[in-house]
Amino acid sequence: MVLFLASGIVTVQAARRLPALMAFFQAFRSNDFFWTFATRALVTLGIFSILPFMELYFRDVVRVPDAGAASAFWLLAVIAGAIIPSMIGGMLSDRTGRRKLFVYISSAMQAVVVSVLLFGLIRSLTVLYILGILYGIGYGAYYAVDWALACDVLPNREEAAGRDMALWHVSFTLPQVLAPAILAGFLHFLNQPGHQLLGSITTGHDLGFRFIFGSAALWFILGTVMVSRIRGVR
């Protein structure tokens, strides 16, 4: 009985707040805002399909003595590559008045680096750090310009800019949680030898890493292509 009353109270309160809840999400009625949100979410899925697992990659594929240090240096290479392109990309985007072009280029660069890892499973530390710098160039330019793109497509920037930017920021934070949580199980299962998949395909032989790199490349490609759906920004 108590549970029934409690659920009834919760339902009534939720119904009373439904108009406010609908108003909070009304930014999604804007085509440009929706696709900016979706493309940011896809690219972030791509990024966090890789970053959480690089230490395992250095341990299991590259087989370095200290995988934690190696992955930290790789992340440092990414950050080093991102600094200057983020500033230059932002300035050039403002000067030319173009946003989508820089998003195309930077997302495509990240997809290319991931594709190299997918097909090559690189084991050379030198090559991996060079790829990290190249990845960082795309990463830095993307984030600088994508923030500007989001500001340009806010549907009600005079009265609800803070609310809509908070809503758009979910496209950055939510994939950081979802990608590792979903992919970790696949990575473990596919890397374990002895499981029969489709036809003659079996698990093992670093198949899990190929899977996560392949999924990341797919998210980058989709996030790049769908930018074309944003109509109100060049």
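This is a short dialogue on reading helix packing and nonpolar cores in a predicted model.

Reader: Let's start with α2 and α6. How do their axes cross, and at roughly what angle?

Author: Helix α2 covers residues 31–47 and helix α6 covers residues 125–152; their axes come within 12 Å and cross at roughly 160°. Angles over 145 degrees count as roughly antiparallel, so α2 is roughly antiparallel to α6. The crossing of α2 past α6 is left-handed.

Reader: Which residues of α2 and α6 meet?

Author: On the α2 side you'll find Thr 36, Thr 39, Arg 40, Val 43, Thr 44 and Ile 47. Their partners in α6 include Tyr 135, Tyr 139, Tyr 142, Tyr 143, Asp 146 and Trp 147. Sorted by type, the residues of this α2 contact with α6 come out as nine nonpolar, three polar and two charged.

Reader: And what about α4 against α6: how do those axes cross?

Author: Helix α4 is residues 67–96, and its axis and that of α6 come within 5 Å, crossing at roughly 40°. An angle between 35 and 65 degrees is neither roughly parallel nor roughly perpendicular, so α4 is oblique to α6. This time the crossing is right-handed. From α4, the contact takes in residues including Ala 70, Gly 81, Ala 82, Gly 89 and Gly 90; from α6, Gly 132, Gly 136, Gly 140 and Ala 144 are among them.

Reader: How many residues of the α4 contact with α6 are nonpolar, polar or charged?

Author: There are 16 nonpolar and eight polar residues, with no charged ones.

Reader: On to the interior. How many residues does the largest nonpolar core have, and which have the most contacts inside it?

Author: A core is a set of buried nonpolar residues joined through their side chains. Here the largest one has 48 residues, and those with the most contacts inside it are Ile 50, Tyr 57, Phe 58, Tyr 135, Phe 213 and Phe 220. Helices α2, α3, α4, α5, α6, α7 and α8 each supply at least two of its residues. Take Ile 50: setting aside neighbours within four places in sequence, Ile 50 is in contact with Trp 74, Val 114, Tyr 135, Phe 213, Ala 216 and Phe 220. Another core, of eight residues, lies apart from the largest; Ala 27, Phe 33, Phe 37 and Met 165 are among its members.

Reader: Last one: is Ser 215 buried or exposed?

Author: Buried means under 20% relative accessible area. Ser 215 sits in helix α8 and has 11% relative accessibility, so it counts as buried. Beyond neighbours within four places in sequence, Ser 215 is in contact with Ser 49 and Leu 183.

Conventions:
Residues are numbered from 1 along each chain as its sequence is written. This is a predicted model: local features need pLDDT of at least 70, side-chain atom pairs count only at pLDDT 80 or more; totals for chains, interfaces and linings use all residues. Side-chain values use heavy atoms; hydrogens and water are left out. Axes are lines fitted to C-alpha atoms, for helices over the stretch in contact, and angles run from 0 to 180 degrees between N-to-C directions. Helices (H or I, at least four residues) and strands (E, at least two) are DSSP runs, numbered from the N terminus. Angles under 35 degrees count as roughly parallel, over 145 as roughly antiparallel, 65 to 115 as roughly perpendicular and the rest as oblique. A crossing is left-handed if the near helix is turned anticlockwise from the far one by less than a right angle, and right-handed if clockwise. Contact means heavy atoms within 4.5 Å. Ala, Val, Leu, Ile, Met, Phe, Trp, Tyr, Cys and Pro count as nonpolar, Asp, Glu, Lys and Arg as charged, and the others, Gly among them, as polar. A nonpolar core is a set of buried Ala, Val, Leu, Ile, Met, Phe, Trp, Tyr and Cys residues joined through side-chain atoms within 4.5 Å. Buried means under 20% relative accessible area, exposed over 50%, partly exposed in between (1.4 Å probe, protein chains only).
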